[in-house]
Amino acid sequence: RATKTMADDQARALVLKESGNKALKDGNFDEAIRLYSQAIKLDPRNHILYSNRSAAHAATGSFAAALNDASQVTQMQPDWVKGHIRKGAALRSLGRFPEAIAAYQRAAKLDPSNAQVAESLKAVEDEYARGGHGWADDLKSSDDEEPSDRAAGKRPRLSADEDPLALPGRGKGARKGSHRVATAQKVGELKECLETSEAHALRACLLQLGKEDDGICSRIIQVLEELRNNSSADEGGEGEDGDAPSSDCDDDN
């Protein structure tokens with residue numbers, strides 16, 4: 001009886017996972033998190049569910065939550081490469097570069113021929129070498145940082161002079177108290193614009209922004225790499241860990 005109940009729960013969890021994968025692919029990240037969470041309640045030993053929920057959390061910018069799930073994956077399956085990739089990406093997004101490097105090094109040790117791991121490791125090492133290791137500590141007492149940001153696992157806000165994506169006119173000499181964080185209304189307008197834009201238009205926009213400033217170009221590359229590591233692409237996969245070249249949504253059972 002107990003065996004049958006467990007099998008039923010795992011089957012229901014699989015259905016929820018597939019729905020979560022579709023939501024992740026479609027960009028419905030909050031819905032994906034909800035579906036994966038329901039699946040985890042039914043099948044808490046399935047590391048794939050935590051891995052996919054980590055990706056969904058990262059896609060919403062909730063990097064502390066993404067790290068928690070990725071850490072759970074590495075505890076459950078310490079020899080599974082993707083778990084360490086998820087963990088490394090989350091740590092990098094939180095500015096915890098030495099730990100991110102260690103996570104990617106672990107992944108590289110497990111799969112030395114994995115080109116994605118090698119590229120990600122080099123990228124975070126380069127970022128660390130450029131001085132990224134000090135920015136979080138330097139901002140701990142910044143007036144621009146909300147105490148709740150660190151508790152929520154969000155990136156500390158950089159000043160306009162430190163942030164390559166700060167808007168023009170908000171660097172040195174800018175009016176004191178000006179704030180670079182977009183309003184909810186502006187974010188809503190951007191989301192609406194993105195939803196109606198063609199892929200080639202988005203690529204052209206990013207390319208134009210990158211051409212105008214080296215710092216912005218570097219930041220765009222970093223964000224795209226993080227999205228490749230953490231967000232959805234196409235459901236399904238090949239091989240032992242469910243990865244296919246165009247997929248970052250784990251699909252093992």
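## G95 and the helices around it

G95 lies in the loop between helix 5 and helix 6 (97-110), in a model that is predicted. With a relative accessible area of 9%, G95 counts as buried, because the limit for that class is under 20%. Its backbone takes a positive phi of about 80°, at a position just after helix 5. Across the chain, the C-alpha atom of G95 is separated by 9.8 Å from that of V124, a residue 29 positions away in sequence.

**Overall make-up**

The secondary structure of the protein consists of 12 helices and zero strands, so that the order of elements from the N terminus reads α-α-α-α-α-α-α-α-α-α-α-α. Of the 253 residues, 38% count as buried, and the accessible surface comes to about 14700 Å², with 51% of that area belonging to carbon and sulfur atoms. Among contacts in the protein with a separation of 6 or more, 50% are accounted for by residues 24 or more positions apart.

**Helix 5 and helix 2**

Helix 5, which precedes the loop of G95, has 13 residues and reaches 19 Å from its first C-alpha to its last, close to the 18 Å expected at 1.5 Å a residue. This helix is mostly covered, as 12 of its 13 residues are buried; among them are V81, I85, L91 and R92, and the buried set also includes K82, H84 and R86.

A similar check can be made for helix 2 (residues 29-42), whose 14 residues should span 20 Å at 1.5 Å a residue, and whose end C-alpha atoms are indeed 20 Å apart, which agrees. The buried residues of helix 2 are A32, I33, L35, Y36, A39 and I40. One of these, I33, is touched by H57, a residue of helix 3 (residues 47-59). H57 also touches S62, A65, A66 and D69, when residues up to four places away in sequence are not counted. With a relative accessible area of 14%, H57 is buried, since the class requires a value under 20%.

**Nonpolar cores and a surface patch**

The largest nonpolar core has 19 residues, of which I85, Y104 and V124 touch the most other members. At least two residues of this core are supplied by each of helix 4 (63-76), helix 5, helix 6 and helix 7, and the largest share, six residues, comes from helix 6. A second, separate core of 17 residues includes L24, A39, A55 and V73; of these, A39 also appears among the buried residues of helix 2.

On the surface, L190, L194 and L202 form a nonpolar patch with about 240 Å² of accessible area together. L202 sits in helix 11 (residues 199-212) and counts as partly exposed, at 30% relative accessibility.

**Salt bridges**

Side chains of opposite charge can pair when their charged atoms come close. The structure holds eight salt bridges, including the three in the table.

| Salt bridge | N to O distance | Relative accessibility given |
|---|---|---|
| E127 with R92 | 2.9 Å | E127 10%, R92 4% |
| E99 with R96 | 2.8 Å | E99 39%, R96 34% |
| D126 with K122 | 2.9 Å | D126 31% |

The salt bridge of E127 with R92, with the closest N and O atoms 2.9 Å apart, links distant parts of the chain, for E127 belongs to helix 7 (residues 115-129) and R92 to helix 5 (residues 81-93), 35 residues apart. Because buried means under 20% relative accessible area, E127 at 10% falls in that class, and R92 at 4% does as well.

The salt bridge between E99 and R96 joins two residues that lie outside the buried class, since E99 has a relative accessible area of 39% and is partly exposed, and R96 is partly exposed with 34%.

The pair of D126 and K122, whose side chains meet in a salt bridge at 2.9 Å from N to O, lies within helix 7, where the two residues are four apart and therefore separated by about one helical turn. D126 counts as partly exposed at 31% relative accessibility.

Key:
Residues numbered from 1 in each chain as written. Predicted model: local features only at pLDDT ≥ 70, side-chain atom pairs only at ≥ 80, totals over all residues. Heavy atoms only, no water. Buried < 20%, exposed > 50% of the residue type's maximum accessible area, 1.4 Å probe, protein only. Contact = heavy atoms within 4.5 Å. Expected span 1.5 Å × (residues − 1). Patch = residues over 30% accessible without salt bridge, like charges linked within 9 Å, V, L, I, M, F, W, Y side chains within 5 Å. Areas by Shrake-Rupley, 256 points an atom, 1.4 Å probe, with all protein chains shown as cover. Core = buried A, V, L, I, M, F, W, Y, C linked by side-chain atoms within 4.5 Å.
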